[in-house]
Amino acid sequence: MITFDTENLFSYIDKDDFQRKLPVGIDALDSLLKREGAGSEMLGWLDLPDAPESEISNIIDTGKRIQDENDCLVVVGIGGSYLGARAAIEALPADAAFPVYFAGNNLSPGYHERLLSKLDGKRFSVCVISKSGTTTEPAIAFRLLKRKLVEKYGAGGIRNRIIAVTDPHSGALRRMAAENGWRTFAIPGNVGGRFSILSPVGLLPCAAAGIPVAGLLSGAASGMDTYKRKDETNIAVRYALMRWLLHEKGTAIEVLSTFHPELALFCEWWKQLAGESEGKEGKGLFPASTVMTTDLHSLGQLLQEGARDILETFLISAVPLRDMTVPAEESDLDNLNYLAGRSLGKINQKAFEGTRAAHISGGLPVITLQIPSITPDAVGNLFVFFELVVAVTGRLTGVNPFDQPGVEEYKSRMFKLLGKPGA
Ligand code: PA5
């Protein structure tokens, strides 16, 4: 499903060293699959596409019910509790045009004011997603949205308009759901937020948005089969090893560059996955992203001629789902008729090829990941590919990829500033 092209990589890392270390990469994968090593209690995501048929049907049916009973859905969550769903919804064409809005991923009054006014006069439900059930940003947004629901439906009318996705047994949100009789879905205890896209965290918002969940799951399942293989051709292991070796030699940043704006949020999901998993103990490539050709006119200069501590990984779709041609114009004052009648998808492809060649000549190590098309299958496949790459990289660099102790620092300082009791 993913074509992996390592271009000029062996000008930057030693090929013999890479070959010698491949067994170390395979061992890293093996330790994950054997559920060994740091964070091994959080490896439930390795089994996720195997959810029981009944749970998947329940998610799909709930998604349809949400569509039938509402004009839109608001999904409340932050970090791993929203990025995967948002990535899939932005990337994929939906079967039904049903708007899904996101809240609880920032503390901006302006953002929430605009969102709340969009809901005026609309029938809406709220899907609140939080594993801990105590994260400040979604908790505040949820209060605002509950108040809006009560204004519209009355205190007695909101029970069926709230769905909680949270820990199966504990936490504030689980308790609130039980007390108020809200519908719930469980996030498996052994699955962390940023690895939860294939759980109800990602699948329920996708189902409500009309994204074909079955396609996502089948792409993910075939991805798991492929990228769990313990052999030296496994591209997840090869890519992880290349990232590690480059990082050891001083590469500080990995830029995921796409030529498909619909994958912009997918890049955001990847940034969280890689950053929160690998960025600890003074280690970790800083994950950045660009959306081309837009960013060629902002960051292209730096990529071409700036500091040479960047790995650029292109994420490309071979064929657009829909294409169009450039119109001819009689006057040709803009000198564009040489492109008239040509496919925009192919022009975009040439822009990618030109950019890649330019960045190679500018001295960047470059990897290309190409999927056939941006379909549910391919996106499901990409999710598990990157999950495995990041987990294997974490094992190689020696960190625990499944915790995030550093995230607490801003919270405790913020809580002190806000005067939270006990902070
Ligand atoms: O990957 C993670 O674990 C985090 O990004 C969490 O998903 C994020 O902090 C939200 O946490 P919660 O779901 O508990 O509200």
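Analyst: Strands and helices are DSSP runs numbered from the N terminus, at least two residues (E) for a strand and at least four (H or I) for a helix. Two strands pair if DSSP finds at least two bridges between them. This is a predicted model: local features need pLDDT of at least 70, side-chain atom pairs count only at pLDDT 80 or more, and totals for chains, interfaces and linings use all residues. Residues are numbered from 1 along each chain as its sequence is written, and side-chain values use heavy atoms, with hydrogens and water left out.

User: What makes S7 and S8 a pair, and in which sense do they run?

Analyst: Six bridges join S7 and S8, in the parallel sense. The requirement is at least two, so S7 and S8 count as paired. Within this pairing, Thr 258 stands opposite Val 291 of S8.

User: How do you know that S7 also pairs with S9?

Analyst: By the bridges again: strand S7 (residues 253-258) and strand S9 (residues 310-317) share six, in the parallel sense. On the S9 side, Thr 258 has Leu 315 as its bridge partner.

User: Why are S1 and S8 said to stand at the edges?

Analyst: The five strands form an open sheet with mixed pairing, in the order S1-S10-S9-S7-S8. S1 (3-5) and S8 (286-291) have a single partner strand each, so one side of each is left without a neighbour in the sheet. From one strand to the next, the twist averages 20°.

User: What makes helix H9 a helix that packs on the sheet?

Analyst: Helix H9 (residues 235-248) touches S1, S7, S9 and strand S10 (366-371), where contact means heavy atoms within 4.5 Å. The direction of H9 makes about 30° with that of S1. Such angles are taken between N-to-C directions, from 0 to 180 degrees, with axes fitted to C-alpha atoms (for helices, over the stretch in contact). Helix H13 (residues 376-397) lies across S7, S9 and S10, running at about 145° to S10.

User: Why is Glu 254 called buried?

Analyst: Its relative accessible area is 0%. Buried means under 20%, exposed over 50% and partly exposed in between (1.4 Å probe, protein chains only), so Glu 254 is buried. Glu 254 belongs to strand S7. Apart from residues up to four places away in sequence, the residues it touches include Tyr 239, Arg 243, Trp 270, Phe 286 and Leu 311.

User: How do you know that Glu 254 and Thr 313 make a polar contact?

Analyst: Their side chains make one at 2.6 Å. The limit is 3.5 Å between N or O atoms; within protein, one must be able to donate a hydrogen and the other to accept it, and residues adjacent in sequence count only if both atoms are side-chain atoms.

User: Why is Gly 80 called buried although it lies in a loop?

Analyst: The call rests on accessible area: at 13%, Gly 80 is buried. Its loop runs between strand S2 (72-76) and helix H3 (83-91). Leaving aside neighbours within four places in sequence, Gly 80 contacts Gly 193, Arg 194, Ser 196, Val 201 and Gln 272.

User: Why is the Phe 10 and Phe 18 pair called edge-to-face?

Analyst: Among the 19 aromatic pairs found in the whole structure, this one has 5.4 Å centre to centre and 65° between the planes. Rings of Phe, Tyr and Trp (its six-membered ring) pair if their centres lie within 6.5 Å; planes under 30 degrees apart are stacked, over 60 edge-to-face and the rest tilted. Both values meet the criteria, so the pair is edge-to-face. Phe 10 is partly exposed at 26% relative accessibility, whereas Phe 18 is buried at 0%.

User: What makes Lys 420 a charge over the ring of Phe 415?

Analyst: The charged end of Lys 420 is 4.1 Å from the ring centre. The rule asks for NZ of Lys or CZ of Arg within 6 Å of the ring centre and within 35 degrees of the ring normal. Lys 146 sits likewise over Phe 142, at 4.6 Å.

User: What makes the phi of Asp 332 and of Asn 335 worth a remark?

Analyst: Phi is positive in residues other than glycine: about 50° at Asp 332 and near 55° at Asn 335. Asp 332 lies in the loop between S9 and helix H12 (344-361), as does Asn 335. Asp 332 is partly exposed at 22%, and Asn 335 is exposed at 56%.
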